[in-house]
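Reader: Hi! Could you walk me through this one? I'd like to chat about it piece by piece.

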Number of protein chains: 2
Amino acid sequence: MSLPHILLGMLREPASGYDLKARFEEDVRHFWSAELSQIYPTLRRMEKKGWLESDTEPSERGPDRVVYRLTQAGRGELTRWLAAGPEVGTERFAYLGQLFFMDELGDLAATRAFMVELRARLAAWLAELEAIEARIATAPGYPDDLPPERFHPHAALRMGLLTLAAKLAWCDETIERIDRRKARGASSGRKRRPATKEA
Amino acid sequence: MSLPHILLGMLREPASGYDLKARFEEDVRHFWSAELSQIYPTLRRMEKKGWLESDTEPSERGPDRVVYRLTQAGRGELTRWLAAGPEVGTERFAYLGQLFFMDELGDLAATRAFMVELRARLAAWLAELEAIEARIATAPGYPDDLPPERFHPHAALRMGLLTLAAKLAWCDETIERIDRRKARGASSGRKRRPATKEA
DNA sequence: ACGCGCATGTAAGAAGTTACATGATTTC
DNA sequence: GAAATCATGTAACTTCTTACATGCGCGT
């Protein structure tokens, strides 16, 4: 039940579905994502609930825009959500599932390659977040006197930066552990696990 | 497309849906979760695809157990998934969405309370993961000579430990930033944002 | 007799993804 | 003339959650 509320937050300034999708690609994508095909019907449902109202306006170029804005009920629901305490959902990391079972491959070199590729992907992601922070760092009052409407998004961004740094450190730690194991295990010669186990 | 693969990994040893649910509650819950009502039909679909076979056995107490085990095709699919490279999905953090828009409440004290509660929840979570690591730490060969079937799960667990520690550090950083702002802003007296804006 | 743990599920709906469809205008 | 951007959506499907349903055996 979070996408509608994130849309409510974004709609403190009126916007079309297309505009909102653009915001998901920008400042919000480190903690949520949504496709247009999900956004459009969600906005309809929210309007039906009375949280939003819409107007159709001609566009400067392209087809007409359907611009949504908050109603009183919508603003009330947003406030209720914000005041309800942190919504801690289940985290899902498919790549940890892969790593968890990877002894099945019986080859530590495969695990190492996996971790190296994962590290590269996470590092690219971190670079993007750092670019966003660099932009914020040029704002007046950074870092201690940002206005509240910039302080809150910046605080959310910091979580992304700090956890990604931690994940990179974890990748490095894991790769080093593998290398130590390989250095030690090289003499004993076991690499592929045997097809049958000796009990 | 990850739950079936996680089940494949777990089913290297035969198990019933009920058994598998128990494993989600234990060693796997820091990166995935699933309800029984999702597990049962998923196992059926996997059997229909030829990845699993099942036998019905009488239980020691309670109703009959349906025990699943991997077929050759299932083991092949598991290997394929493990060798396919890291599956990096979209991360979703509803609480970051709340924080992002929280200037709407116009009250930094509310944000502070939010962060304090979030910190408590994350700390409790970290304590659980630390308990799991403490158990692993008693295994022979810890930490440098764990056998491969323990090394991989332990590596996955470490990611949870390190990122949770980073999140706690982020909570602390954010709470401190709020306190510094409040100390500085107290003299200027603005707390609730005004109902109307002066342009 | 009641509740708890074992063990299986169904039903209904919300949430999310992928693919497809339409048509205008602007840029190369 | 082709491709990108603007702007809207539908359809089919998978995934996940919540609530409900059933029935056995064990402990108190």
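Reader: Let's start with charges: how many salt bridges does the structure hold over all chains?
Author: Happy to help! This is a predicted model, and over all chains it holds 38 salt bridges.

Reader: Nice. Which residue does B:R65 form a salt bridge with?
Author: The partner of B:R65 is B:D19, with the closest N and O atoms 2.7 Å apart. B:R65 sits in strand β3 of chain B and B:D19 in helix α2 of chain B, so the salt bridge ties together parts that are 46 residues apart in sequence.

Reader: And how accessible are B:R65 and B:D19?
Author: B:R65 is partly exposed, with a relative accessible area of 26%. B:D19 is partly exposed too, at 26%.

Reader: What does B:R29 pair with?
Author: The side chain of B:R29 meets that of B:E128 in a salt bridge, at 2.3 Å from N to O. This pair links distant parts of the chain: B:R29 is in the loop between α2 and α3 of chain B, while B:E128 is in helix α6 (residues 108-136) of chain B, 99 residues away. Both ends are partly exposed, B:R29 at 24% relative accessibility and B:E128 at 34%.

Reader: Which residues are linked in a network of salt bridges?
Author: One such network links A:R12, A:R75, B:D103 and B:E104.

Reader: Switching topic: what rotation superposes chain A on chain B?
Author: A rotation of 180° does it, with 0.0 Å of shift along the axis and an RMSD of 0.1 Å. That is the relation of a two-fold axis. Of the residues of chain A, A:T163 comes closest to the axis, with its C-alpha at 2.7 Å.

Reader: Why do you say the copies meet through the same surface?
Author: Because 100% of the interface residues of chain A are also interface residues in chain B.

Reader: Now the DNA. Which residues come nearest to strand C?
Author: Of the 24 residues around DNA strand C, the nearest are A:S37, A:P63, B:R44, B:S59 and B:V66. By type, the residues of that surface divide into nine nonpolar, seven polar and eight charged.

Reader: Which part of the DNA is within 4 Å of the protein, sugar or phosphate, or bases?
Author: Of the strand C atoms within 4 Å of the protein, 69% belong to sugar or phosphate and the rest to bases. A polar side-chain atom of B:R44 lies 2.7 Å from a phosphate oxygen, and one of A:Q38 lies 2.9 Å from a phosphate oxygen.

Reader: Last one: which element gives the largest share of that surface?
Author: That's α3(B), with four residues.

Notes:
Residues numbered from 1 in each chain as written. Chains lettered and ligands numbered in written order. Predicted model: local features only at pLDDT ≥ 70, side-chain atom pairs only at ≥ 80, totals over all residues. Heavy atoms only, no water. Near = heavy atom within 4 Å. Polar contact = N/O pair within 3.5 Å; in protein donor to acceptor, adjacent residues only side chain to side chain. Helix = DSSP H or I, 4+ residues; strand = E, 2+ residues; numbered from the N terminus. Nonpolar A, V, L, I, M, F, W, Y, C, P; charged D, E, K, R; others polar. Least-squares fit on C-alpha atoms with pLDDT ≥ 70 in both. Contact = heavy atoms within 4.5 Å. Salt bridge = Lys/Arg side-chain N within 4 Å of Asp/Glu carboxyl O. Buried < 20%, exposed > 50% of the residue type's maximum accessible area, 1.4 Å probe, protein only.
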